[in-house]
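Got a fold open on the screen and want to talk through how its parts sit together? Let's go through it in questions and answers.

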Amino acid sequence: MSKVPMKHIFIAGLKTDRKHVLEMLQRAGVVQIESGGIEHEGLMTMNVMSDKALFDRSSNQAGQALEILNKLAPDQEAGLLKSLEGAEVISVDEYTKRLDIISDAMKTADRIIALDKRITEAKAQIPRLQNRIESLKPWMTLDVPLNYEGTEKTAAFIGSIKNAGAPEEILKSLLDDLEETRDEAPAVSMSVVSAAKEQTCLFFVCLREDAYLVENALKKIGFARAGLSGTVPSAEAEKAAGEIKALEAEIVSAEEGIRGFASERKDLEFTADYYQMRADKYDVLSKLPQSDRAFFINGYLPAAYAEGLKKKIEQKFDAEVEITEPAEGENVPVVLRNNPFSDPMETVVESYSLPGSGEIDPSFILSLFYYLFFGLMLSDAGYGLLMVLGCGLALLKVKNMKPGMKKLVKLFFFSGISTVFWGLMFGSFFGDAVKVIAATWFKVPDLRIPGLTVPIWFEPVSEPMRMLVFAFGLGVVHLFTGLGIKGYLCLKAKDFEGFLCDVVFWAMFVGGGIVYLLTMDMVKGMFNLPFELGPAAANAAAIVAGIGAVGVVLTGGRESKNPVKRLLKGAYAAYGVTGWLSDILSYSRLLALGLATGIIAQVFNKMGSMFGATIPGLLIFILVFLIGHVLNLGINVLGAYVHTNRLQFVEFFGKFYEGGGKEYAPFTENTKYYSVKEEK
């Protein structure tokens, strides 16, 4: 477990070499470039935002075209394992050769996007035309346009009345209203075009001279004119249907056109990455101090790469490279380096906070407890076996896995091994599946296979208090390990006062208190402890705890000069022992989650076997078994992951770890598909 030693790098070169030096640094991917750090009257930075925006836009355009292409013509090589792969590594020579395809690839991207735009526009028009056809359906028997207004001597009114009654009632209501306007009602002819529950579509004709009176009467009975259209409804609907067919054909043609570009997928991927690299390079370029003829780079890199990179730059370019040790107190970026067993913990540490100045990398110690706790929380050998096989297959098959994804897969692989171990110790293999299958289908009710039907150690479901004591014991070891690391850091920093006051006194206070509690009859009866501590142990523990408590009270507020304040702060610090109690109780989640996994698994097994040893019963058992255990595995893997992290972040880190380290963010290829290999 260690933090990688870092060096400070300063590069001064001619402006004519600036592009090539930046490209080399980007491909090497080991130098974190810092903005500023060099001040001089003749130095300035470049405004390259417009160029960067152009490269970003080009990269996004190629990426958009890829998304469209992948949607209509999925990559046949894509799959679950393929999705875990990182960028394909290519040489500098191959990268240079491929630059010729950039222009043609961008034209392809333009055509794909244009075809997709046609598809989108066509799909947007079809619903509008379909709605128009739907609105014309009530008028299909009408042989005149909807905006028909009659002849020279007659007036026509085409429209509808909502929630109308019988046609005879509509006409009678109209005529009654017209009779009120003059002695003799105007002659009106009414034709029913269509009738439905929602509305009745009507066609009225009257003399032109009576049009005004008839129109007013129609308004009173709720008549609404039809939408304006200069075409006979049936002809208009036929025309709209033809337009829909044409649009559908256009969509099919455009989709086929996009699929025709499937052979150019790799070129589009390379182009998207090419412009992304250029955008990143220009982002760095905007931060570099430079003069009319020279440029300067200031940054950090791992010490292992320093001399090799210096030699390569100075041999290839007319540049000066200076490698120095960072100054004391300098905020140097943090890089973690661990063995294959512990490096998955780097992602856990980074998600919390990188170690700060003077702190150690806790990844190795963290891994010992992390896998242990994860396995205890899941504690089913069948589930653990699935995790080991699935993650192991991914690690074997995918050689070029993304670094972050590889660490996550390894984390679940080692956690799976721990889960298998604890599952066998507690006798859980897909719950009690082996026992249920043996009893239901093979009539062997008392099958005893250590680890599969009977526990090698004990069964937590039957002895929960024993499991709880075990969980608390692990919690105490975990917390005191954290306190021990704090003591190590104090001694390393030669803070002997802090070691005595913040470590030794607390270890005596809490440790003595725990031992004293274990001598009490109430505690022994509650937890059914398998050992006995006599009065001598109780007296010794009380003395040790008392000395520790007095030490905490007297030194807990030692930063205050006022003796009264110092004593009060010390008393408040001693109250922190309740936090220790709370932390220890938190480890009861090891029991809770372990029991939940096993009990839920047993419930699904019981449900599946309810129909007995019949063919339908077998089919039901298989269905319930698969669905139930997949759900149980998914939910409890997530629960184990979350709660294992919580025990590290809150309880363990709370004893010694502050974090706050600066993240190492080297200037590298932020690409998705290709990575140009440069010797580091």
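**Sheets, helices and cores**

Q: In what order do the 4 strands of the open sheet lie?
A: Keep in mind that this is a predicted model. The 4 strands pair in the antiparallel sense and make an open sheet. Reading across that sheet, the order is β3-β9-β2-β10.

Q: Why is one side of β3 and of β10 left without a neighbour in the sheet?
A: Strands β3 (32-34) and β10 (319-324) are the ones at the edges. One side of each has no neighbour in the sheet because each has a single partner strand.

Q: How many degrees does the twist average from one strand to the next?
A: This is about the open sheet with the order β3-β9-β2-β10. Going from one strand to the next, the twist averages 25 degrees.

Q: Which residue in β10 is the bridge partner of I11?
A: Strand β2 covers residues 6-14 and runs antiparallel to β10, with 6 bridges joining the two. For I11, the bridge partner in β10 is V321.

Q: At about what angle does helix α1 run to β9?
A: Helix α1 takes in residues 18-28 and lies across β2, β3 and β9 (294-302). Its direction against β9 comes out at about 10 degrees.

Q: What angle does the direction of helix α9 make with that of β10?
A: Helix α9 (residues 303-316) packs on the sheet too, where it touches β2, β9 and β10. With the direction of β10, the direction of α9 makes about 165 degrees.

Q: Which helix gives the largest share of the largest nonpolar core?
A: That core has 73 residues, and F374 and L590 touch the most other members. The largest share is 10 residues, and they come from residues 363-378, helix α11.

Q: Which residues is L590 in contact with, leaving aside its neighbours within four places in sequence?
A: L590 is one of the two residues that touch the most other members of the largest nonpolar core. With those sequence neighbours left aside, its contacts are F373, L376, M377, M467, A471, L474 and L647.

Q: How many residues are in the second, separate core?
A: Among the members of this core are A28, V30, I90 and Y664. Its total is 43 residues.

Q: How many residues lie between β6 and β7 in their hairpin?
A: Strand β6 (residues 188-195) pairs with β7 in the antiparallel sense over 7 bridges, and V188 has C206 as its bridge partner in β7. Strand β7 (residues 199-207) is also joined to β5 (residues 154-162), by 9 bridges. Between β6 and β7, the hairpin has 3 residues.

Note on methods:
Residues numbered from 1 in each chain as written. Predicted model: local features only at pLDDT ≥ 70, side-chain atom pairs only at ≥ 80, totals over all residues. Heavy atoms only, no water. Pairing = 2+ DSSP bridges. Axes fitted to C-alpha atoms, helices over the stretch in contact; angles between N-to-C directions. Contact = heavy atoms within 4.5 Å. Core = buried A, V, L, I, M, F, W, Y, C linked by side-chain atoms within 4.5 Å. Buried < 20%, exposed > 50% of the residue type's maximum accessible area, 1.4 Å probe, protein only.
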